[in-house]
Amino acid sequence: MSIIQAKKLIHDYQKIGEDGKTEVSSRAVDGVDLDIAPGQFIAILGHNGSGKSTLAKHINAILLPTHGTVYVDGMDTKDAEKLEDIRRTAGMVFQNPDNQIIGTVVDEDVAFGPENMGVPTPEILSRVESSLKSVGMWEYRDHSPNRLSGGQKQRVAIAGVVAMEPKCIVLDEPTAMLDPMGRKEVIRAAQKLNREKQVTILLITHYMEEVIEADHVIVMDQGKILMQGTPREVFSRVEELKEHRLDVPQVTMLAYELKKSGLPLPDGILTVQELVDALDAARAQRGSAE
Amino acid sequence: MSIKLEHVNYIYSPGTAYEKQALTDICLEFPDGQFAGIIGHTGSGKSTLIQHLNGLVRATSGTVYYNGEDIYREDYPMKDLRSRVGLVFQYPEYQLFEVDVFSDVCFGPKNLGLPKEEVEKRAYHALQQVGLKEKYFKKSPFELSGGQKRRAAIAGILAMQPEVLILDEPTAGLDPKGRDDILDQIQLLHREQGITVVLVSHSMEDIARYVERIVVMDKGRVRFNDRPEKVFEHYRELEQIGLAAPQVTYVMQALRERGMDVDIHAATVEGAAASIRSYFGNFEKRREG
């Protein structure tokens, strides 16, 4: 069974128009179908305004569909009685670490979620320990969140979600405000949860290096899914991505340029190693082509 | 029109438990008309450094010269300096506060005591420079997208007509399109008006594409200060201090290790592609000859 399923999802935002009276609606998500199997690592790409975040907010029922349906682990997000279960199943981490931390001490912050769920105290303690360990922040358990770096704060925010033992975590540009080191820490933490605890991860990001290791990539544009597939499939379509002014990894771009000028290289090269090997092979091929 | 720092030291909260040396013996010069980049890990002193460039933070010891004049001199016109050296902070859109975009951009030149006509002329020009269309001028800043807000904020600084423009991570949190738009716009300003630019960034790819010189900060000291290709030669040392070279640098280094005669100094896709093409071209020729 799929963990997240969207059927013809449409979301319209309502806004008061220029004259201050009439309502104007703008379509942020426009007919999206999704079917995500448990345990996958999904990356979602797209410009600001492409509908990524609106889509993400449907997954734990912060937003409800204008039309269509979203199922989380089989539960319809419109079912008000299931709201708590839905939010326990799908946790969310946002962009700005400073907006997500409420505790004055790291372990208190992480305990907040399970506490509110009525988890018994001994169980809370063990959950706090294991979730802080899973993101590599256990040594900081009695620190004040104020004095942590951005990457550390984001990992505490992730631990806070992990402590609620969700089956799925949606991360909405969790690394946009971080430096390269902080970005790596956060992505590693998400990958570890995915691999070791089979938590389904939906990662919204602009950074290519965070996308290439995903199982599946979804590219959004103007509220619709523009393309999807494995990272290799998606990044083989350099022309289309460029047309929409989306990024491709620098090596993919370099391989694409070289291929255009006649070097025999495969499509969708994603890493430095792949490109170097392919160029080495091209050289050997030319050297022996007589 | 240069900024020069001589033996600058800066200590935060001296004499308290939080005392921390943020900058140690900085000697640097930003010559007129250069597009320079500053990179460094979080906490390396980048932001503290740029706040010295317009006198916002006063060095604990050492001297800062603007056009050869000591800015710490008693009668130095500090206010004047701040309009000549424009500093765009991180997330500058958080500082937008006026009722509409145009009024916000007017705020700076208005405070310079300029006549209303001149203020509006400058604001108009600045908004054009950042590529913000006229239909947004009368909108509330809060109605704009992230990239547009940031451009409005940068226009607020440009309206003061600074000789030097310093930007602290101007593209943080933007999508690839917003990022390219802003950096291209800044490059245009640099090329067409000869404005001196100091760009603080975490993205090596961006730095490699735009700047003529890189200053690498590490633990409050200048670690490297050279042309990009020279700095990226030290990619292993860069990694040790939490940074990295652009991806193509790694490709070129690896190809060289496998005996291909390519330019290890290429740091952009265009440069690398040209070098690899010419290697394979020569290789064909040798084989044929």
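The paragraphs below go through a predicted model, taking in turn a pocket, two helices and a buried polar residue.

The second largest pocket encloses about 1,600 Å³ of space. Its lining is made up of 43 residues, and those nearest the centre of the pocket are A:Asn48 and A:Gly49 together with B:Leu144, B:Ser145 and B:Gly146. Several elements each supply at least two residues of this lining, namely β1 (4-16), β2 (23-36) and α1 (52-59) of chain A, and α5 (146-158) and α6 (176-193) of chain B. The element that gives the most is α5(B), which contributes six residues. Sorted by residue class, the lining of the second largest pocket holds 11 nonpolar, 17 polar and 15 charged residues.

One of the helices that supply this lining, α6 of chain B, can be followed further. With 18 residues, α6(B) reaches 26 Å from its first C-alpha to its last, close to the 26 Å expected at 1.5 Å a residue. The buried residues of α6(B) are B:Pro176, B:Gly178, B:Arg179, B:Asp180, B:Asp181, B:Ile182, B:Leu183, B:Ile186, B:Gln187, B:Leu189 and B:His190. The cover over these buried residues includes β3 (35-40), α4 (116-129), α5, β7 (164-168), β8 (196-200) and α7 (204-210), which belong to chain B. Just after α6(B) comes B:Gly194, with a positive phi of about 65 degrees.

In chain A, helix α9 (residues 250-260) has nine of its 11 residues buried, and it is therefore largely enclosed by the rest of the structure. The buried residues of α9(A) are A:Gln250, A:Val251, A:Thr252, A:Met253, A:Leu254, A:Ala255, A:Tyr256, A:Glu257 and A:Leu258. After α9(A) follows A:Gly262, whose phi is positive and lies near 105 degrees.

The last site is a polar residue in a strand: B:Asn9 is found in β1 (residues 3-12) of chain B. Its relative accessibility is 18%, and because residues under 20% are classed as buried, B:Asn9 counts as buried. The side chain of B:Asn9 is joined to that of B:Gln21 by a polar contact of 3.0 Å. When neighbours within four places in sequence are left aside, B:Asn9 is in contact with B:Gln21, B:Leu23, B:Thr24 and B:Asp25, and also with B:Ala59, B:Thr60 and B:Ser61.

Methods. Residues numbered from 1 in each chain as written. Chains lettered and ligands numbered in written order. Predicted model: local features only at pLDDT ≥ 70, side-chain atom pairs only at ≥ 80, totals over all residues. Heavy atoms only, no water. 1 Å grid on protein atoms, 1.4 Å probe; cavity = no way out; pocket = protein on both sides within 12 Å on 5 of 7 lines; lining within 4 Å. Points joined across faces, edges and corners; volume = space filled by probe spheres on them. Helix = DSSP H or I, 4+ residues; strand = E, 2+ residues; numbered from the N terminus. Nonpolar A, V, L, I, M, F, W, Y, C, P; charged D, E, K, R; others polar. Buried < 20%, exposed > 50% of the residue type's maximum accessible area, 1.4 Å probe, protein only. Polar contact = N/O pair within 3.5 Å; in protein donor to acceptor, adjacent residues only side chain to side chain. Contact = heavy atoms within 4.5 Å. Expected span 1.5 Å × (residues − 1).
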